Amino acid sequence: MSKFADKLNAYFDSKLKESLEVIGNYVKEDLKNELDTSYYVTPAQRKAGMINQSSSAGNPPHRRTGALREGIEYDVNGNVVTISSSRVGKDPEVPSHLEWGTSQMAARPYMRPEINELKTKLPEILKEAFK
């Protein structure tokens with residue numbers, strides 16, 4: 001390969017890596033924002049008769065401890081971005097139960113809607129990275 005082709009390949013590899021990092025971070029931060037609705041009501045809301053509220057079926061889970069929110073990570077390996085959700089030191093099945101539901105609880109998906117939304121934003125993110 002020529003020096004020009006080597007430089008061109010290196011340029012595209014670096015831009016791809018940069019783009020994947022941007023995508024991973026974008027999804028991570030957006031997911032964390034989705035999980036920022038508090039389960040707990042304020043004292044003023046309680047005085048007005050409101051009670052602590054779980055999220056309704058089909059909506060992202062409400063934040064109680066923040067463990068689910070803080071467990072959202074991404075990793076770039078080659079040309080693949082992996083988004084993961086865990087609860088360190090907690091029941092490791094909870095993220096899966098929330099995302100997919102169980103026989104006793106309807107799903108409260110938070111990752112799938114974000115990934116689906118990303119599909120529409122991806123071209124713009126990549127365009128921005130390659131400027």
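Lys17 is partly exposed in this predicted model, with a relative accessibility of 40%. Its side chain forms a salt bridge with Glu21, and the closest N and O atoms of the two are 3.4 Å apart. General chemistry gives the background: side chains of opposite charge can pair when their charged atoms come close. The positions along the chain are also informative, because Lys17 and Glu21 lie four residues apart in helix α1 and are therefore separated by about one helical turn. Glu21, like its partner, counts as partly exposed, at a relative accessible area of 28%.

Helix α1, which spans residues 3-34, holds a further pair of this kind. Glu18 and Lys15 meet through their side chains in a salt bridge, with 3.8 Å from N to O. These residues are three apart in the helix, so that about one helical turn separates them. Their surroundings can be described by accessibility. Glu18, at 38%, is partly exposed, whereas Lys15 is buried because its value of 12% falls under the limit of 20%.

How many salt bridges are there in total? The count comes to nine. One of them links Glu70 with Arg69, where the closest N and O atoms are 3.1 Å apart. Glu70 is partly exposed, with a relative accessible area of 47%. Through salt bridges that share partners, Lys32, Asp36, Arg63, Arg69 and Glu70 are joined into one network.

The discussion now turns to the aromatic residues. A pair of aromatic rings is described by the distance of the centres and the angle of the planes. The model contains two aromatic pairs. Tyr11 and Phe12 form one of them, with 5.3 Å from centre to centre and 70° between the planes. This arrangement is edge-to-face, because the angle is over 60 degrees. Both residues are partly exposed, Tyr11 at 36% and Phe12 at 41%.

Tyr39 and Tyr40 form an aromatic pair that is likewise edge-to-face, with 4.8 Å between the centres and 85° between the planes. Is Tyr39 buried or exposed? Tyr39 counts as buried, at 16% relative accessibility, while Tyr40 is partly exposed, at 44%.

The ring of Tyr39 has a charged partner as well: the charged end of Arg64 sits over this ring, 3.7 Å from its centre. A comparable placement involves Trp100, whose ring lies beneath the charged end of Arg112, with 3.9 Å from that end to the ring centre.

How values were computed. Residues are numbered from 1 along each chain as its sequence is written. This is a predicted model: local features need pLDDT of at least 70, side-chain atom pairs count only at pLDDT 80 or more; totals for chains, interfaces and linings use all residues. Side-chain values use heavy atoms; hydrogens and water are left out. Rings of Phe, Tyr and Trp (its six-membered ring) pair if their centres lie within 6.5 Å; planes under 30 degrees apart count as stacked, over 60 as edge-to-face and the rest as tilted. Buried means under 20% relative accessible area, exposed over 50%, partly exposed in between (1.4 Å probe, protein chains only). A charge sits over a ring if NZ of Lys or CZ of Arg is within 6 Å of the ring centre and within 35 degrees of the ring normal. A salt bridge is a side-chain nitrogen of Lys or Arg within 4 Å of a carboxyl oxygen of Asp or Glu. Helices (H or I, at least four residues) and strands (E, at least two) are DSSP runs, numbered from the N terminus.
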